[in-house]
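Got your viewer open? Here is a guided walk, one selection at a time.

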Amino acid sequence: MTTDLHARQADLLWILLFTIASTLTTLIFACATPFPALAALAAVHLDRRDGVLLMVAAWAVSQAVGFCVLGYPWDAATALTGVAIGTAAVACAIVSSLVDSRVPARSTVARLAIAYVAAFAVFKLAILLWAPVIGHADVALSLPIVQRQFVRYAAILAAFYALYRVLTAAGVPAPAAAPQPVTA
């Protein structure tokens with residue numbers, strides 16, 4: 001029972017840490033939260049339920065930052081865009097977790113890369129499906145923007161993973177679903 005409690009506390013700590021890290025990137029870049037990067041981290045280091053919880057937490061904080069700090073307009077179109085982004089974030093977390101559970105890769109870096117590509121593709125597909133309702137598909141899905149986002153979010157994923165490695169090396173307990181180091 002105590003072990004389960006400690007594992008749950010570690011998982012919740014990482015949800016909080018990943019949410020804070022994503023919030024900082026949102027503030028630094030004054031842009032959308034890097035949901036595909038978070039989804040890849042969640043797929044590899046958290047169970048599916050906690051991955052969805054991370055997406056919802058990061059989305060809620062992102063919306064609060066957008067409306068209260070970055071000056072998003074308080075109108076129905078912006079709120080609907082937020083709903084679209086939230087559903088896309090949850091979808092990419094679920095799919096990247098499913099992909100990760102079926103990929104035979106052993107390397108954490110390979111798993112992160114595969115989960116990231118799946119998450120990015122699903123995130124963009126979900127936004128495309130919302131496009132008739134929210135508009136802006138020409139901007140959000142233009143090739144130059146998609147390429148920039150793919151590279152930016154991949155760099156953010158690398159930074160988040162480096163932060164994860166530094167914090168776990170410093171003694172922060174790894175999430176329960178995180179791959180354990182191989183011992184001889």
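Which residues does Thr-33 touch, not counting residues up to four places away in sequence? Select Thr-33 and show its surroundings: Ser-22, Thr-26, Leu-38, Ala-58, Ser-62 and Tyr-153 are the ones it touches beyond that window. Before going further, keep in mind that this is a predicted model.

**Stop 1: Thr-33**

Thr-33 sits in the loop between helix H1 (2-29) and helix H2 (35-45). Is Thr-33 buried or exposed? Its relative accessibility is 2%, so Thr-33 counts as buried. Now turn on side chains and look for two polar contacts. One runs from the side chain of Thr-33 to the side chain of Thr-26, at 2.9 Å. The other goes to the side chain of Ser-62, at 2.8 Å.

**Stop 2: zoom out**

Switch to cartoon for a moment. The protein chain has 7 helices and 0 strands, so your secondary-structure colouring will read α-α-α-α-α-α-α along the sequence. Of the 184 residues in the protein chain, 40% are buried. Colour by element on a surface view and you are looking at about 9,500 Å² of accessible area, with 72% of that belonging to carbon and sulfur atoms. If you plot a contact map, take the contacts between residues at least 6 apart in sequence: 77% of them join residues at least 24 apart.

**Stop 3: H2 against H4**

Select H2 next, then add helix H4 (residues 76-102). How many residues of H2 are buried? The count is 11 of 11, which leaves H2 mostly covered. The buried residues run from Phe-35 and Pro-36 through to Val-44 and His-45, with Leu-38 and Leu-41 among them.

The axes of H2 and H4 are 8 Å apart and pack at an angle of about 35°, in a right-handed crossing. To see who meets whom, show Phe-35, Pro-36, Ala-39, Ala-40, Ala-43 and Val-44 on the H2 side. Facing them from H4 are Ile-85, Ala-89, Cys-92, Ala-93, Ser-96, Ser-97 and Asp-100.

**Stop 4: H5 against H7**

Hide those and bring up H5 and H7. Their axes come within 11 Å and cross at roughly 145°, and this crossing too is right-handed. From H5, the contact uses Thr-108, Val-109, Leu-112, Tyr-116, Val-117, Phe-120 and Lys-124. From H7 come Val-146, Gln-149, Phe-150, Tyr-153, Ala-154, Leu-157 and Tyr-161. You have already met Tyr-153, one of the residues that Thr-33 touches.

**Stop 5: ring hunting**

Now show just the aromatic side chains. How many aromatic pairs does a search of the whole structure find? There are 10. Start with Phe-67 and Trp-74, a tilted pair at 4.9 Å centre to centre with 50° between the planes. The two partners differ in cover: Phe-67 counts as buried because its relative accessibility is 15%, while Trp-74 is exposed at 70%.

Then go back to the H5 and H7 contact and pick Tyr-116 and Phe-150. They make another tilted pair, 5.0 Å centre to centre and 45° between the planes. This pair links distant parts of the chain: Tyr-116 belongs to helix H5 (residues 108-134) and Phe-150 to helix H7 (residues 143-169), 34 residues apart. Tyr-116 is buried, with 3% relative accessibility, whereas Phe-150 is partly exposed at 30%.

One more ring selection: Trp-14, Phe-18, Tyr-161 and Tyr-164. Ring pairs link these four into a cluster. Tyr-161 also appeared among the H7 residues in contact with H5.

**Stop 6: Thr-23**

Move over to helix H1 and select Thr-23. At 16% relative accessibility, it falls under the 20% cut-off and therefore counts as buried. Apart from neighbours within four places in sequence, Thr-23 is in contact with Val-61 and Val-65.

**Stop 7: Ala-176**

Finish in the segment after H7, where you will find Ala-176. Is Ala-176 buried or partly exposed? Its relative accessibility of 48% makes it partly exposed. Setting aside residues up to four places away in sequence, Ala-176 touches Ala-7 and Asp-11. For a last distance check, draw a line between the C-alpha atoms of Ala-176 and Leu-46: they are separated by 7.1 Å, although the two residues are 130 residues apart along the chain.

Notes:
Residues numbered from 1 in each chain as written. Predicted model: local features only at pLDDT ≥ 70, side-chain atom pairs only at ≥ 80, totals over all residues. Heavy atoms only, no water. Helix = DSSP H or I, 4+ residues; strand = E, 2+ residues; numbered from the N terminus. Buried < 20%, exposed > 50% of the residue type's maximum accessible area, 1.4 Å probe, protein only. Contact = heavy atoms within 4.5 Å. Areas by Shrake-Rupley, 256 points an atom, 1.4 Å probe, with all protein chains shown as cover. Phe/Tyr/Trp six-rings, centres within 6.5 Å; stacked < 30°, edge-to-face > 60°. Polar contact = N/O pair within 3.5 Å; in protein donor to acceptor, adjacent residues only side chain to side chain. Axes fitted to C-alpha atoms, helices over the stretch in contact; angles between N-to-C directions. Left-handed = near helix turned anticlockwise from the far one by under 90°.
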